[in-house]
Amino acid sequence: SMKYVITGLKFVVAVGLFALLFRIFNIRASALVTEIKDWRYVVGAVFLSLTIVPFISTRRWQLFLRFVGVVESSFSLWSINLKALFQGLIIPSTQGSDILRIYYIDKRNPNRRGHAGSTVLVERMLGFVLLCLLSIVAILSCFRSREFVALISTAIAINATVFVIFGLILSKKIHGFYSGHKFECKTIARVFDYIDTL
């Protein structure tokens with residue numbers, strides 16, 4: 001059937017990309033094996049990245065989705081995560097996989113489009129807030145040291161920027177500017193309608 005043909009094409013493309021990368025960067029497959037001193041670390045890393053880490057990630061996402069009335073199985077969310085991580089490698093941004101996760105979860109739930117995608121945004125925002133709080137704790141521990149002035153200044157600037165952006169995102173005044181507004185261009189109207197729902 002067509003499904004198997006598409007799966008086969010995906011496999012061929014993936015193998016082709018690996019072969020191209022190996023050729024461009026002159027990677028020898030034998031070196032990947034002979035240069036590894038202790039395979040226990042490799043096995044442990046693969047095991048964690050395929051089991052415990054995605055389990056925690058999918059369970060957390062599952063809880064957020066249920067909060068907005070979307071029920072998804074852990075397996076489907078795990079599949080979306082892996083697909084988005086792989087495809088996100090070609091997008092020039094560290095948040096490329098998040099954009100793809102929003103796309104896939106909204107595609108699976110057309111009746112909850114925007115609401116389902118918002119869970120990815122909320123998850124990312126919470127992650128940023130936690131990183132900011134950890135950096136503040138780190139700053140307090142070395143605040144009096146002159147050696148870390150540049151690092152402290154950078155951390156403070158990033159924290160301030162993150163909280164300003166969150167303030168803009170959650171601002172009722174900015175939301176009121178485009179919410180309910182009728183745009184003449186249908187494409188722009190659809191974009192702002194989606195942002196409003198998100």
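1. Let me start with the contacts of Arg-124. Setting aside residues up to four places away in sequence, Arg-124 touches Gln-95 and Asp-98. With Asp-98 there is a side-chain to side-chain polar contact of 2.5 Å. Gln-95 stands 29 residues from Arg-124 along the chain, and the C-alpha atoms of the two are 8.9 Å apart. Please keep in mind throughout that this is a predicted model.

2. Where does Arg-124 sit? Its place is in helix α7, which covers residues 115–141. Arg-124 counts as partly exposed because its relative accessibility is 31%, a value between the 20% under which a residue is buried and the 50% over which a residue is exposed.

3. The preceding point leads nicely to Glu-123, which also lies in helix α7. Is Glu-123 buried or exposed? Its relative accessibility is 9%, so Glu-123 counts as buried. Beyond its neighbours within four places in sequence, Glu-123 is in contact with Ser-57, Arg-60, Trp-61, Phe-64 and Arg-101. One of these, Arg-101, also takes part in a polar contact with Glu-123, side chain to side chain, at 2.6 Å. For a sense of distance, the C-alpha atoms of Glu-123 and Ser-179 are separated by 23 Å, with these positions 56 residues apart along the chain.

4. Thr-58 deserves a look as well. This residue lies in helix α4 and counts as buried because its relative accessibility is 3%. Which residues does Thr-58 touch, not counting those up to four places away in sequence? They are Ser-74, Leu-77, Trp-78 and Asn-81. Within its own stretch of chain, a polar atom of the Thr-58 side chain lies 2.8 Å from the backbone oxygen of Pro-54.

5. Pro-54 brings us to the meeting of two helices. From α3, the residues Phe-47, Leu-48, Ser-49 and Leu-50 meet Ile-52, Val-53 and Pro-54 of α4. Sorted by type, the residues of this contact are six nonpolar and one polar, with no charged residue.

6. How are these two helices oriented? The axes of α3 (residues 39–50) and α4 (residues 52–67) come within 3 Å and cross at roughly 15 degrees. Angles under 35 degrees count as roughly parallel, and α3 and α4 are therefore roughly parallel to each other.

7. On the cysteines, how many disulfides does the structure hold? The number is zero. Cys-132 is buried, because its relative accessible area is 4%. Cys-185, by contrast, is partly exposed, because its relative accessible area is 35%.

8. Finally, a word on Leu-151, a residue of helix α8, which runs over residues 149–169. Leu-151 counts as exposed because its relative accessibility is 55%, and the cut-off for exposed is over 50%. Its C-alpha atom is 8.7 Å from that of Ile-139, and the two residues are 12 apart in sequence.

Notes. Residues numbered from 1 in each chain as written. Predicted model: local features only at pLDDT ≥ 70, side-chain atom pairs only at ≥ 80, totals over all residues. Heavy atoms only, no water. Helix = DSSP H or I, 4+ residues; strand = E, 2+ residues; numbered from the N terminus. Buried < 20%, exposed > 50% of the residue type's maximum accessible area, 1.4 Å probe, protein only. Contact = heavy atoms within 4.5 Å. Polar contact = N/O pair within 3.5 Å; in protein donor to acceptor, adjacent residues only side chain to side chain. Axes fitted to C-alpha atoms, helices over the stretch in contact; angles between N-to-C directions. Parallel < 35°, antiparallel > 145°, perpendicular 65-115°, else oblique. Nonpolar A, V, L, I, M, F, W, Y, C, P; charged D, E, K, R; others polar. Disulfide = S-S within 2.5 Å.
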